[in-house]
Amino acid sequence: MDDLLTRLRAGLPAEALLTDPDVTASYANDMASFCEAGAPAVVVLPRTVEQVQHVMRTATELRVPVVPQGARTGLSGGANASEGCIVLSLVRMDRILEINPVDRIAVVEPGVVNAVLSRAVAEHGLYYPPDPSSWETCTIGGNIGTASGGLCCVKYGVTAEYVLGLDVVLADGRLLTTGRRTAKGVAGYDLTRLFVGSEGSLGIVVRAVLSLRPQPPVQLALAAEFPSAAAACAAVCTITERGHTPSLLELMDRTTVQAVNRMARMGLPDTTEALLLCAFDTPDPAADLAAVGELCVAAGATEVVPAADTAESELLLQARRLSLTALETIKSATMIDDVCVPRTRLAEMLAGTAAVAEKYDLTIGVCAHAGDGNTHPVVCFDHTDEDESRRARESFDEIMALGLALGGTITGEHGVGVLKKEWLARELGPVGLELQRGIKATFDPLGLLNPGKLF
């Protein structure tokens, strides 16, 4: 320990090192339940690429594991500390280095907060679409690590589609530059995409070149009430089949709607079995909403309420943004699943989740990015009740098994981390797992980067 600190201090300012055990303990976990974490030996908060390189060279020389972190808003334990590790927190590398309206790119450090970047590019008439629900606090580096998504994915896609190039410090301290700044480029293997979603297991992202879009028109939304989740899912399929491209298409089940009502008194219909929220940012959103409203009625909606203006739209969408917070008030703890299925199997996913809730006698609310089939079943439980905690974990696993059985994936945007390691192996299969472990060994032969995650 003394040797580690001595070597780190040789290349870092004093304020970059945290060693007080009470302080370092606060960096041990992200926001996931049921995920083990160790006690860090030290927390390092670098401000420069050179300081990150120094940390990695030191870690390699002394064979000390390194766990990279952003804002720790993750939900899979991907940022949890390993025993005796260096926690490398990148939150102080928070500069927006460039915004280029002609090339439509931004160059940023990993600690830039998503919402800060979004507001900065908006001043140039530009738009950075990925918008995780934690966008006011989560960082771009963390978004890249988990390939995160958000409410707008149905139209604009996830983080991976906006990362053009990266600067990455490798395990041995070398600096690798991947990708490009140009609109097109296919030279060599796509190493940029390889790092996106790698959860800090292949290298430390210290700079990112991000693609931007022109700022779209202000969106308008509608809310449609359905007598069953199946009817709402049928509407989702019809909306997609008819070629509509909403900027948002979200679903809340009855449990979620009632939780939001209890917490925020928003006046949502307590009798609804499913609430579908749809928005358009097209030149004529009112016409698009009218067309979708008709499809919802044809699918069985009992009421369709289009917003008259932006303020009403924001009120409707606020209900969806409050979903996870509201569900967290039901019990002392939650497990948030992240299963993505084909849109055609969405109704089966919701029905199966309801059956799991009944089987385990648990409250499980579902909010979903319905337009891309990404469901978030939220298992609510009392963490002080041993039996209820066991049932929560078993129900979580059963929901993931259901997702795979429906042709889906165990994570659409939250990542694997610690929580879903065994399920990743099942999804990849033995050949896929072997190849992915081989890639990990190529970039990190000593296994120092975020050990215990993914595999």
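Student: Is C153 buried or exposed?

Tutor: This is a predicted model, in which local features need pLDDT of at least 70 and side-chain atom pairs count only at pLDDT 80 or more, whereas totals for chains, interfaces and linings use all residues. Residues are numbered from 1 along each chain as its sequence is written, and side-chain values use heavy atoms, with hydrogens and water left out. Buried denotes under 20% relative accessible area, exposed over 50% and partly exposed in between, for a 1.4 Å probe and protein chains only. The relative accessible area of C153 is 9%, so this residue is buried.

Student: How many disulfides does the structure hold?

Tutor: A disulfide requires a pair of cysteine sulfur atoms within 2.5 Å. For C153 the closest cysteine sulfur, in C152, is 5.3 Å away, too far for a bond. For C237 the closest is in C233, at 7.1 Å, which is also too far. The number of disulfides in the structure is zero.

Student: To which accessibility class does C237 belong?

Tutor: The relative accessibility of C237 is 26%. C237 therefore counts as partly exposed.

Student: What arc do the buried residues of helix 13 cover around its axis?

Tutor: Helices (H or I, at least four residues) and strands (E, at least two) are DSSP runs, numbered from the N terminus. The buried residues of helix 13 are L346, M349, L350, G352, T353, V356 and A357. They lie on the same side of helix 13, because the arc, taken over the directions from the helix axis to the C-beta atoms, is only 165°.

Student: Which residues are exposed on the other side of helix 13?

Tutor: An α-helix has 3.6 residues a turn, so residues three or four places apart point the same way. On the side of helix 13 away from its buried residues, the exposed ones are E358 and K359.

Student: What span does helix 13 reach from its first C-alpha to its last?

Tutor: Helix 13 comprises 14 residues, 346-359. Its expected span, 1.5 Å times one less than the number of residues, is 20 Å. The span in the model is close to that expectation, at 20 Å.

Student: Against which helices do the buried residues of helix 13 pack?

Tutor: Contact is defined as heavy atoms within 4.5 Å. Among the strands that the buried residues of helix 13 pack against are strand 13 (248-253), strand 18 (363-369) and strand 19 (374-381). The helices they pack against are helix 8 (229-241) and helix 14 (386-405).

Student: Which helix gives the largest share of the largest nonpolar core?

Tutor: A nonpolar core is a set of buried Ala, Val, Leu, Ile, Met, Phe, Trp, Tyr and Cys residues joined through side-chain atoms within 4.5 Å. The largest has 52 residues, of which F226, L251, L276 and C296 touch the most other members. Its largest share, six residues, comes from helix 8.

Student: How many residues does the other core, which includes A106, hold?

Tutor: This other core lies apart from the largest one. A106, Y156, Y162 and L170 are among its residues, which number 28.

Student: Which residue of strand 4 stands opposite P68?

Tutor: Strands pair if DSSP finds at least two bridges between them; strand 3 (residues 66-69) and strand 4 (residues 86-89) do so in the parallel sense over four bridges. Both faces of strand 3 are covered, with V66 and P68 buried on one side and V67 and Q69 on the other. Opposite P68 stands L88.

Student: What is the C-alpha to C-alpha distance between Y128 and Q215?

Tutor: Y128 is found in the loop between strand 7 and helix 5, and its relative accessible area of 1% makes it buried. Leaving aside neighbours within four places in sequence, its contacts include N114, Y162 and L210. Y128 and Q215 are 87 residues apart in sequence, and their distance in space is 8.5 Å.

Student: What is the relative accessibility of T139?

Tutor: T139 is found in the loop between strand 7 (126-127) and helix 5 (140-146). Not counting residues up to four places away in sequence, T139 touches G70, A71, P110, G111, V112, V113 and N114. T139 counts as buried because its relative accessibility is 4%.

Student: What value does phi take in R265?

Tutor: Most residues other than glycine have a negative phi, and most peptide bonds are trans. R265 lies in the loop between helix 9 (254-264) and strand 14 (274-280) and is exposed, with a relative accessible area of 75%. Its phi is positive, near 50°.
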